[in-house]
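Subject: Structure handover and findings

Hello,

Here is the structure I promised to pass on. Please open it alongside this message.

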Amino acid sequence: MGSRVYAGRTATTRTERVVYSCPCGERFAAEVWRAVDARDQAEAKKLQDGSLNQVRCPSCEARADVQVPVVFHDGAAERLVLVLPDGMRHRELEERAALFTQLAEDGVAPPAYVLGADVVFGAAGLRALLAPPASEFEAQSEPSHPAVRTAEQPMLAIVDERRDKSGPALSLLPSLQDDETPAPQPH
Ligand SMILES: [Zn+2]
C-alpha cells in the first residue's frame with residue numbers, strides 16, 4: 001500500500017500519429033499527444049494552456065486544435081486526469097470506459113488514484129482542477145489570482161466601508177450610536 005506511482009503505458013507521456021483533414025482540403029499527418037506526465041513540464045504547461053495539440057496545415061498554414069482525449073498523470077501528487085476536449089462533453093462515460101480498457105491492457109496493477117481518475121473538459125477544466133494546490137500554474141494566465149487568494153480581506157473591507165457610511169447618519173441620533181450593532185462577520 002502507501003504511495004505508488006503508476007508506471008503503465010497509458011499514463012506515460014506518449015504521442016500518436018493522426019491524419020488531419022484541413023478545411024482547405026489538404027490532408028496531412030500530425031503527431032498529437034495522448035498522455036503527458038507532469039514531469040514533462042513543457043508539455044504539461046501546454047496541456048494546461050490549451051496549446052498542446054495544435055497543428056499547422058502545410059498547405060494553407062492555418063492552425064487547428066486536434067480534439068483528442070489526453071491523459072494527464074502527476075504521480076507525485078497521486079493524480080490521474082482524463083482531459084477531454086470540449087466537443088466530447090457527450091462522451092464522458094464512453095471515454096472513461098476507453099481509459100479503463102487501456103489501463104487493463106497495460107497489465108500493471110493500478111494504485112487507488114488511477115482507479116479514481118478525474119475527468120475534466122478542456123484546458124480550463126484542467127486548470128480549475130489543479131488550481132488550489134498548484135497555484136503557480138495559473139499565475140500567468142490569471143492576473144486576478146492574488147485577489148482570489150485573499151478573498152476574505154475584500155469582504156472585511158466592504159463591511160468596514162459600510163460602517164463608515166452609516167457613521168455620520170447615526171451620529172445625528174445619539175441614542176442609537178451606542179448600541180450600534182456590529183456588522184455581521186463573514187464566516
Ligand atoms: Zn489547410
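Below is what I found, starting with the whole chain and ending with single residues.

**Confidence and overall layout**

Please keep in mind that this is a predicted model. The chain has a mean pLDDT of 83, with 69% of its residues at 70 or more. Residues 145-173 have a pLDDT below 50. Beyond near neighbours in sequence, that stretch has twelve contacts in the model.

The chain contains seven helices and seven strands. Along the sequence their order is β-β-α-β-β-β-β-α-α-β-α-α-α-α. There are 187 residues, and 16% of them count as buried. Take the contacts between residues at least 6 apart in sequence: 56% of these join residues at least 24 apart.

**Helices α1 and α4**

How do α1 and α4 sit, and at what angle do their axes cross? Helix α1 spans residues 41-49 and helix α4 spans residues 122-130. Their axes come within 6 Å and cross at roughly 110°. Angles of 65 to 115 degrees count as roughly perpendicular, so α1 is roughly perpendicular to α4.

The contact itself is easy to list. From α1 come Leu47, Gln48 and Asp49. From α4 come Ala123, Leu126 and Arg127. By type, the residues of this contact are three nonpolar, one polar and two charged.

**What each helix buries**

In α1, the buried residues are Ala44, Leu47 and Gln48. They lie on the same side of α1, because their arc around the axis is only 95°. Their cover includes α4 and three strands: β2 (27-37), β5 (70-74) and β6 (79-84). Two of these buried residues, Leu47 and Gln48, also appear in the contact with α4.

Just after α1 comes glycine 50, which has a positive phi of about 80°.

In α4, Ala123, Leu126 and Leu130 are buried. Viewed down the axis of α4, these residues fall within an arc of 60°, so they line one face of the helix. The cover over them includes α1, β5, β6 and β7 (118-121). Strands β5 and β6 are thus named among the cover of α1 and among the cover of α4. Ala123 and Leu126 are buried, and both meet α1.

**Two single residues**

Valine 19 is in strand β1, residues 14-21. Is valine 19 buried or exposed? It counts as exposed, because it has 8 C-beta neighbours inside 10 Å and the cut-off for exposed is 12 or fewer. Leaving aside neighbours within four places in sequence, valine 19 is in contact with Arg27 and Ala29. Alanine 30 is eleven residues from valine 19 in sequence. Their C-alpha atoms are 6.1 Å apart.

Glutamine 102 is in helix α2, residues 92-106. With 16 other C-beta atoms within 10 Å, glutamine 102 is partly exposed. Which distance separates its C-alpha atom from that of glycine 8? The two are 9.5 Å apart in space, and 94 residues apart along the chain.

**Where to look**

I would open the view on the contact of α1 with α4, where the axes come within 6 Å. Then turn to residues 145-173, where the pLDDT is below 50.

Best wishes

Methods. Residues are numbered from 1 along each chain as its sequence is written. This is a predicted model: local features need pLDDT of at least 70, side-chain atom pairs count only at pLDDT 80 or more; totals for chains, interfaces and linings use all residues. Helices (H or I, at least four residues) and strands (E, at least two) are DSSP runs, numbered from the N terminus. A residue is buried if 20 or more other C-beta atoms lie within 10 Å of its own, exposed if 12 or fewer, and partly exposed in between; C-beta atoms are placed from the backbone. Two residues are in contact if their C-beta atoms, placed from the backbone, lie within 7 Å. pLDDT is the predictor's confidence in each residue, from 0 to 100. Axes are lines fitted to C-alpha atoms, for helices over the stretch in contact, and angles run from 0 to 180 degrees between N-to-C directions. Angles under 35 degrees count as roughly parallel, over 145 as roughly antiparallel, 65 to 115 as roughly perpendicular and the rest as oblique. Ala, Val, Leu, Ile, Met, Phe, Trp, Tyr, Cys and Pro count as nonpolar, Asp, Glu, Lys and Arg as charged, and the others, Gly among them, as polar. The arc is that of the directions from the helix axis to the C-beta atoms.
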